Amino acid sequence: MSVQFQLYIDGQFEPGAASFGSINPATGQVWAQMPEARTDEVNRAVAAASRALSDPAWAGLTASARGKLLHKLADLVEKAAPRLAEIETHDTGKIIRETSSQIAYVAEYYRYYAGIADKLEGSHIPVDKPDMQVWLERQPVGVVAAIVPWNSQLFLSAVKVGPALAAGCTVVLKASEEAPGPLLEFAKLIHEAGFPAGVVNVITGFAAECGAVLSSHPDVDKVAFTGGPETARHIVANTSKNLAKVSLELGGKSPFIVFADTDIQSAVNAQVAAIFAASGQSCVAGSRLLVEASVKEQFLAMLVERVSRIQVGAPDDLATEYGPLCTERQLRHIEKIVANSVAQGAKVLAGGKALDRDGFYYAPTIIDCTGVENADSITTELFGPVLSVDTFSTEQEAIEKANSTAYGLAAGIFTTNLTRAHRVSKRVRSGIVWINTYRAVSPLVPFGGFGLSGHGREGGMSAALEYTTTKSVWLRTSDEPISDPFVMR
Ligand code: NAD
């Protein structure tokens with residue numbers, strides 16, 4: 001019998017307008033029934049968030065009290081991490097090693113924003129009028145629609161829900177229809193932590209109805225979106241109706257630049273992590289290897305050897321290093337792009353095909369695109385385990401190739417030359433640069449991209465400010481009566 005999840009609206013759990021099966025990507029079989037939110041459920045969730053925004057049960061809390069609730073939520077996330085990780089692994093196919101460590105760390109994001117809640121200070125303006133006092137108050141931006149993709153949903157929602165609640169906003173969190181289980185389970189922790197009804201609502205449903213109604217809803221003040229660039233275009237079009245503030249965290253085609261002077265073994269291991277962790281289904285995947293031509297053969301020989309030892313297996317087995325893709329659609333997309341690239345002249349050095357086992361497994365793949373102009377695997381985000389290889393001979397060429405796509409999320413630079421590390425880091429067009437490391441994250445550090453990778457930053461103090469707006473308050477301090485009504489003050 002499959003597991004049944006529920007929506008969480010206005011402090012109540014409910015079954016939704018209908019239910020749909022969620023597939024375990026490791027078996028290809030339905031493992032749980034998910035509740036579908038349609039127009040009525042979305043409208044009720046937004047109405048609940050809207051009411052809660054001015055309800056004294058939430059609006060009347062001090063910032064420190066909001067921080068305490070967030071601390072409690074962090075403790076509950078930490079305690080529930082094994083259960084949440086198991087659900088995420090069943091629903092997405094991501095390996096239990098990754099989901100367990102990531103979710104335990106998600107608690108730190110809530111702790112960080114718990115600490116920020118009472119530090120969102122306003123300011124005093126020394127205004128140029130002697131009989132006026134002017135100050136800026138920081139106020140919550142309002143009702144936030146947080147829309148997340150299927151991968152790393154607990155993490156990607158923590159960077160939205162954490163700062164939103166710290167700022168005093170209320171939230172409608174939309175889980176991806178591909179794998180909503182982890183967030184629907186997370187709703188139980190919101191309830192247990194004691195947030196007033198309506199402050200956080202957790203729903204899921206399909207893009208055309210649930211996503212569109214939510215992002216265009218007249219009572220939504222901010223849409224915090226993570227997903228693909230195509231969906232982002234729909235979100236921007238939808239928000240032309242409510243004129244909500246929008247933040248976009250989108251995909252990437254991140255370069256991984258290896259200079260000949262680096263520690264090659266260390267860079268090989270980092271490259272494996274950059275593209276094959278989470279089976280490449282990571283927005284920051286280092287999917288374009290740019291290796292200095294003089295060490296190409298050595299680097300690739302070591303990389304192919306290391307990749308041949310990756311432990312493919314069942315995602316819920318602790319020994320597994322590499323699991324399936326989340327959906328069959330994704331598997332077909334990758335097959336198509338790899339076939340196109342090969343037809344364009346790229347050479348497969350490892351993998352290049354689906355694995356012969358149940359579920360949606362695609363082999364860790366390396367394709368040499370050296371000398372192939374605009375290979376599809378270089379220009380398109382695959383969101384999968386495919387590494388495209390190209391070479392460079394000079395620092396200038398490395399930078400030009402790194403900046404040659406429309407994306408700009410992350411970049412890896414491997415060199416032991418300190419001055420070069422600074423020069424290249426400065427000129428690479430990406431929101432994150434990792435030097436001699438890759439895929440490191442922290443709640444303290446902003447995260448986001450340029451170009452097709454979106455705009456806005458999540459994580460860090462500046463992200464919390466994005467959930468506030470300022471109110472300028474003018475106080476006239478003179479006791480003299482206002483005389484001339486037709487003069488601008
Ligand atoms: P997606 O864009 O298909 O879906 C994301 C969310 O948007 C889902 O909840 C979906 O239901 C919703 N949605 C889809 N159409 C909508 C519409 N018209 N209106 C409103 N909502 C709509 O993304 P996905 O396939 O689930 O995830 C993969 C993508 O996410 C990749 O491009 C990846 O790079 C990106 N991603 C980016 C980051 C980042 O922080 N930059 C992190 C993780 C994933």
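Among contacts in the protein chain between residues at least 6 apart in sequence, what percentage join residues at least 24 apart? The figure is 73%, so keep the whole chain on screen as you start. This is a predicted model.

**The whole chain.** Switch to a cartoon view and you'll find 15 helices and 21 strands. The radius of gyration is 24 Å, close to the 23 Å that the globule rule gives for 489 residues, so the chain is as compact as a globular protein of that length. Turn it around: the C-alpha trace spans about 85 × 60 × 40 Å along its principal axes. Of the residues, 55% count as buried.

**Charges.** Now colour the charged side chains. There are 43 positive and 52 negative ones, and the centres of the two sets lie 2 Å apart. The structure holds 29 salt bridges, and a few are worth a stop.

**Stop one.** Select R51 and D10, whose side chains meet in a salt bridge at 2.5 Å, N to O. R51 sits in helix α1, D10 in the loop between β2 and β3, and the two are 41 residues apart. R51 is partly exposed at 36% relative accessibility, and D10 is partly exposed too, at 30%.

**Stop two.** Next, pick K401 and D390, a salt bridge with its closest N and O atoms 3.3 Å apart. K401 lies in helix α13 and D390 in strand β17, so the pair ties together parts 11 residues apart in sequence. K401 is partly exposed at 23%, whereas D390 is buried at 12%.

**Stop three.** Go on to R420 and E395, which form a salt bridge at 3.1 Å. R420 is in helix α14 and E395 in helix α13, 25 residues apart. Both are buried.

**Last stop.** Finish by selecting E14, D40, E41 and R44, joined into one network by salt bridges that share partners.

Methods:
Residues numbered from 1 in each chain as written. Predicted model: local features only at pLDDT ≥ 70, side-chain atom pairs only at ≥ 80, totals over all residues. Heavy atoms only, no water. Helix = DSSP H or I, 4+ residues; strand = E, 2+ residues; numbered from the N terminus. Rg over C-alpha atoms; globule rule 2.2 N^0.38 Å. Buried < 20%, exposed > 50% of the residue type's maximum accessible area, 1.4 Å probe, protein only. Contact = heavy atoms within 4.5 Å. Lys, Arg positive; Asp, Glu negative; His and termini not counted. Charge placed at Lys NZ, Arg CZ, Asp CG, Glu CD. Salt bridge = Lys/Arg side-chain N within 4 Å of Asp/Glu carboxyl O.
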